[in-house]
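Please describe the structure shown below, with attention to strand pairing, cysteines and surface character.

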Amino acid sequence: MSGNELLLSNYIEIGTKVEVLAMDGVMLDDGTFGRKKYHTVIMDLIDEEHIEIMMPIEKNKLVLLQQDAEYELHFITAKGLFQCLARVNKRYKNEQLYLLELELVSNIQKYQRREYYRFTCSMEIGVRELNEEETRLFARQTNFEPDDLPYSKATTIDISGGGIRFISSIPFETGEGIVCRYELSRNGAKRTYYQIAMVLACKRMEKNNTMYELRVKFSFINNNDREEIIRYIFEEERKRRQNYK
């Protein structure tokens, strides 16, 4: 474990409230599409990689989270909000309590409401400004078809289901719409994605004043693409954590 990683035991304790988010999106009770969220509490901090939680209850019924399934966890603590990815190892009953043992498949990180889990990674992507037609589609919240226009190279800092943080030689303006082209590999197959995104922040790098750090939010991303990014993050975090052991 590197010095930049947060220790679970420094932030999480018995009684800490937890939100458990399913990885796949479904049609919710309010008619919108999203990920199911369940509420529960920490029952035991087994070690830095394993926790015990109360089995969630929804509408007075136990939620039998699937064994070996993976979820995103949000911890609500006195020191702030934290998040990580975890897998269900065991389901069991201890006296009158129904419990789950979860194994972390990522390190915990600070979390802001309405943000997705951010996966730190360095990969080459392409970025460019929206052209006039794409800008009109962007304003109408309509999807677009990618074309053969040239892209500038950029390097990611992290990626999430909501957007990308990257380093570029081009100082795009805050609020500007851009196109991001990136490639993800899952189960031995590669796929190229094209996403319209809005620039949320752009700042000059301190150690290299010819480069800029940008944070962009995906605009109008379809649910399938978002779920594929989330699945990719789960798989890569699991591989990375296994390599650390």
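## Strand pairing

In this predicted model, Thr-156 stands opposite Phe-166, a residue of β13. The two strands concerned are β12, which covers residues 152-159, and β13, which covers residues 163-168, and they pair in the antiparallel sense over five bridges. The connection from β12 to β13 is a hairpin of three residues.

Strand β13 also pairs with β16 (residues 212-218), again in the antiparallel sense, and this pairing runs over six bridges. Within it, Ile-164 has Val-216 of β16 as its bridge partner.

## Overall make-up

The protein contains two helices and 16 strands, and of its 245 residues 46% count as buried. Among contacts between residues at least 6 apart in sequence, 59% join residues that are at least 24 apart. The accessible surface comes to about 13,800 Å², and carbon and sulfur atoms account for 46% of that area.

## Met-54 and its surroundings

Met-54 lies in strand β3, which spans residues 50-54, and with a relative accessible area of 23% it is partly exposed, because this value is not under the 20% that would make it buried. Leaving aside residues up to four places away in sequence, Met-54 touches Thr-40, Val-41, Met-43, Leu-97, Tyr-98 and Leu-99. For one of these residues, Leu-99, the C-alpha atom is separated from that of Met-54 by 4.7 Å, although the two residues are 45 residues apart along the chain.

## Tyr-98 and a nonpolar patch

Tyr-98, one of the residues that Met-54 touches, belongs to strand β8, which covers residues 97-104. Together with Ile-57, Leu-62 and Leu-64, Tyr-98 makes a nonpolar surface patch of about 380 Å². Why can Tyr-98 count towards a patch while being partly exposed? Its relative accessible area is 34%, and patches are made of residues with over 30%, so Tyr-98 passes that cut-off; the value is not over 50%, and therefore Tyr-98 is classed as partly exposed.

## Cysteines

A disulfide is a covalent bond between the sulfur atoms of two cysteines. With the criterion that a pair of cysteine sulfur atoms must lie within 2.5 Å, the count of disulfides in this model is zero.

Are Cys-84 and Cys-180 buried or exposed? Cys-84 has a relative accessible area of 0% and is therefore buried, and Cys-180, at 0% relative accessibility, likewise counts as buried, because buried means under 20%.

Technical notes
Residues are numbered from 1 along each chain as its sequence is written. This is a predicted model: local features need pLDDT of at least 70, side-chain atom pairs count only at pLDDT 80 or more; totals for chains, interfaces and linings use all residues. Side-chain values use heavy atoms; hydrogens and water are left out. Patches are made of residues with over 30% relative accessible area and no salt bridge: like charges are joined within 9 Å, nonpolar side chains (Val, Leu, Ile, Met, Phe, Trp, Tyr) within 5 Å. Accessible areas come from the Shrake-Rupley method with a 1.4 Å probe; for residues, only the protein chains shown count as cover. A salt bridge is a side-chain nitrogen of Lys or Arg within 4 Å of a carboxyl oxygen of Asp or Glu. Helices (H or I, at least four residues) and strands (E, at least two) are DSSP runs, numbered from the N terminus. Buried means under 20% relative accessible area, exposed over 50%, partly exposed in between (1.4 Å probe, protein chains only). Contact means heavy atoms within 4.5 Å. Two strands pair if DSSP finds at least two bridges between them.
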